[in-house]
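Biologist: Please take a close look at one part of this protein, the charged side chains along a single helix, and set that part against the chain as a whole.

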Amino acid sequence: METQPGDCDAVPLPMEMDEATQPKDPPKISRLDDSVVNRIAAGEVIQRPVSAVKELVENSLDAHSTSISVVVKDGGLKLIQVSDDGHGIRYDDLPILCERHTTSKLSTFEDLQTIKSMGFRGEALASMTYVGHVTVTTITKGQLHGYRVSYRDGVMEHEPKACAAVKGTQIMVENLFYNMIARRKTLQNSADDYSKIVDLLSRFAIHHIHVGFSCRKHGAGRADVHTVAASSRLDAIRSVYGVSVARSLIKIETSDHNPSSSVFKMDGFISNSNYVAKKIIMVLYINDRLVECTALKRAVEIVYAATLPKASKPFIYMSIVLPPEHVDVNVHPTKREVSLLNQEVIIEKIQSVVESKLRNSNESRTFREQIVEQSPSDNIAMDKDPNFSPSPSGSKSQKVPVHKMVRTDSLDPAGRLHAYLQVKPCGPLENNPSLTTVRSSVRQRRNPKEGADLTSIQELIDEIDCNCHSGLLEVVTHCTYVGMADDIFAVLQHDTHLYLANVVNLSKELMYQQVLRRFAHFNAMQLSDPAPIFELIMMALKEDNSDPGCHENDDLIDKIAEMNTELLKQKAGLLEDYFCIHIDIHGNLSRLPVILEQYTPDMDRVPEFVLCLGNDVDWEDEKNCFQSISAALGNFYAMHPPMLPNPSGDGLQFYKKRKPLRNSEDEEDIPENIGDDTTEENEIEQELLSEAETVWAQREWSIQHVLFPSMRLFFKPPTSMATNGTFVREASHSDNAIS
Ligand code: ADP
Ligand code: MG
């Protein structure tokens with residue numbers, strides 16, 4: 001009964017009239033008829049045909065079958081028939097088989113703690129008899145014939161009849177929901193129950209690989225799922241989900257045996273970057289039970305989205321085994337969900353193994369781990385790892401020994417520090433180089449530790465949150481990275497719009513925000529050789545003040561550098577505790593924080609950073625102090641264009657060197673295609689060029705695979721970015737023929 005809004009005053013509903021005019025007698029309570037109770041309960045256990053199939057197949061598995069076949073007519077509404085070759089049902093048990101709460105799997109409540117079978121409630125068969133017509137045919141070992149009997153509303157309709165039978169049990173459910181008109185109608189209109197049943201059987205088949213499964217429509221010659229007992233899980237997956245899925249899978253496993261955190265074992269298969277699908281498929285077994293775990297599914301999805309943004313809808317098969325007493329199987333009437341002890345810890349462990357597997361397997365874009373061998377100083381820093389080929393086009397990335405690089409040219413700003421600024425991980429990273437940004441930040445949000453208790457940090461974080469521009473937030477969380485437009489601007493697509501986004505500004509702000517969020521909880525990266533901050537500051541000051549021959553300045557610069565060094569040595573405790581910036585007693589910088597996992601800042605910017613710490617930080621006021629250090633880190637870690645000019649643009653000029661004029665005898669050696677430059681030859685500084693190609697390609701890789709995925713997860717764009725040129729909207733698709 002409905003009324004239009006506004007009608008209520010004028011035309012009271014009948015009930016309102018009753019209430020107004022009659023004294024309120026409490027309604028009488030009466031006991032529901034058993035048949036009503038049972039039908040209500042049955043409707044809950046058997047929600048749709050696929051739930052009946054699940055219960056029946058689980059019964060067959062509990063009966064130790066090695067072959068299970070399912071036949072379905074009319075999406076299961078007309079007929080569901082499940083046949084197995086299991087141990088069968090005793091003749092004596094047939095009379096109570098379909099009564100509610102009759103089971104062979106459980107006798108005391110305590111048994112639940114160690115239950116291994118899938119069923120235990122003794123409700124499934126009973127429920128089916130309240131909402132459909134059930135016929136059971138079964139034979140037990142050593143019998144000459146089997147029995148057949150039909151049930152309705154929990155009881156046998158007649159004495160069991162002797163009949164011929166093959167090993168095992170066959171259960172037929174006909175006319176499901178014949179007595180629930182509304183449900184039958186809705187189900188009749190939805191054609192997808194058969195596909196749900198096929199999906200279910202597929203999931204069973206890849207876990208129970210020693211059981212053969214088949215599933216077909218009644219009257220169909222071909223089965224839609226057909227497996228024979230397989231020798232390996234991968235074979236089973238191949239036969240159910242196809243070669244292309246099986247080909248894109250990576251094996252994963254992990255375990256924990258620490259009673260104080262979690263005890264579990266997990267193994268499975270996950271899709272790699274080659275796998276593309278519109279929807280996630282996650283087949284999850286916990287203690288051999290097919291279950292759903294939304295938290296885990298979501299957690300895995302996040303890792304994919306952050307690691308492989310393009311192939312972000314994965315295929316996952318996972319089997320988790322825990323001590324039975326750690327799983328509560330009795331939280332859901334259809335046992336679809338379970339609750340686990342230490343779920344959070346388990347999820348985190350799993351996220352971390354999924355992430356590291358994905359990173360490692362992503363061969364087409366080999367990912368650089370933060371662990372590198374500590375190499376002698378003639379290797380340039382890890383940034384120039386020769387095995388790292390960040391762009392699919394494969395920029396030439398030859399190893400360039402530092403001593404061979406041109407360092408004398410004052411125009412060459414590159415590489416001076418590489419000899420001692422190699423990065424190696426330390427602390428928690430040592431065992432697990434690729435902890436996810438995602439995970440760490442989730443962890444931090446979950447248990448805010450001391451850091452977040454500092455009100456000044458909380459205030460700074462609140463300012464970020466309050467100042468967030470909702471329109472831009474929508475753009476950064478849902479945009480697609482298209483590519484770099486030039487050295488500074490990336491092209492993004494959101495809906496039908498293209499945006500130019502300033503990656504330097506974005507990364508600077510993102511790093512700043514992440515420093516505050518990770519405050520006092522950083523992982524560390526270690527410099528291969530501690531760098532004397534005095535010299536770093538000198539270097540930075542000289543760069544600032546490069547007036548050659550101006551020697552009076554040198555004394556002054558020395559003084560400033562000395563004072564700054566002293567200052568930073570004094571502040572070393574604070575820098576270390578809160579920002580993981582380690583300066584030892586000799587005034588050497590030896591450790592830096594990891595702000596975004598898998599990202600190392602450009603070490604050419606260390607001098608500027610150290611100078612900035614010395615000069616620009618307000619050490620007096622707590623909030624200003626934290627704010628300015630975070631900003632300095634943000635600026636240092638931002639994805640600035642590398643200091644070597646970009647060889648793919650005008651910067652190429654930089655790598656050409658002039659050769660002295662040649663003698664006339666040599667002239668015939670000069671290749672003909674030299675162009676206009678007939679008297680001088682432009683030679684390319686190959687080594688420098690290849691280093692530049694690598695650092696530029698690497699930066700672009702980081703922009704695509706670190707910056708944008710992290711932004712999607714963490715970034716709160718400040719309102720100022722809407723107007724300061726950080727985001728510029730281009731013409732929309734409809735105005736413009738870009739597609
Ligand atoms: P539950 O599985 O919770 O025990 P059900 O109503 O599903 O309850 O089944 C009741 C009982 O019937 C089971 O405990 C089992 O002993 C027997 N049963 C059901 N299906 C089969 C089957 N396919 N093979 C052998 N026994 C079965
Ligand atoms: Mg059962």
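Modeller: A contact here means that heavy atoms lie within 4.5 Å. In this predicted model, residues 24 or more positions apart account for 73% of the contacts in the protein chain with a separation of 6 or more. The secondary structure of the chain comes to 22 helices and 26 strands, and 50% of its 739 residues count as buried.

The part to look at is helix 18, which spans residues 552-570 and contains Asp558. Asp558 belongs to a negative surface patch, formed together with Asp554, Asp555 and Glu562. Because a patch takes in residues with over 30% relative accessible area and no salt bridge, Asp558 can be included with its relative accessible area of 31%, a value that counts as partly exposed.

Helix 18 also holds a pair of opposite charges, Lys569 and Glu566, which are 3 residues apart and so separated by about one helical turn. Their side chains meet in a salt bridge, at 3.5 Å from N to O. Lys569 is partly exposed at 29% relative accessibility, and Glu566 is likewise partly exposed, at 42%.

For comparison, Arg238 and Asp235 in helix 8 are also 3 residues apart, and their side chains form a salt bridge of 2.8 Å, N to O. In helix 4, Lys54 and Glu58 lie 4 residues apart, about one turn of the helix; their salt bridge is 3.3 Å, N to O, and both of these residues are buried. The search of the whole structure finds 18 salt bridges.

How values were computed
Residues are numbered from 1 along each chain as its sequence is written. Chains are lettered from A and ligands numbered from 1 in the order in which they are written. This is a predicted model: local features need pLDDT of at least 70, side-chain atom pairs count only at pLDDT 80 or more; totals for chains, interfaces and linings use all residues. Side-chain values use heavy atoms; hydrogens and water are left out. Patches are made of residues with over 30% relative accessible area and no salt bridge: like charges are joined within 9 Å, nonpolar side chains (Val, Leu, Ile, Met, Phe, Trp, Tyr) within 5 Å. Accessible areas come from the Shrake-Rupley method with a 1.4 Å probe; for residues, only the protein chains shown count as cover. A salt bridge is a side-chain nitrogen of Lys or Arg within 4 Å of a carboxyl oxygen of Asp or Glu. Lys and Arg count as positive and Asp and Glu as negative; His and the chain ends are not counted. The place of a charge is taken as NZ of Lys, CZ of Arg, CG of Asp or CD of Glu. Helices (H or I, at least four residues) and strands (E, at least two) are DSSP runs, numbered from the N terminus. Buried means under 20% relative accessible area, exposed over 50%, partly exposed in between (1.4 Å probe, protein chains only).
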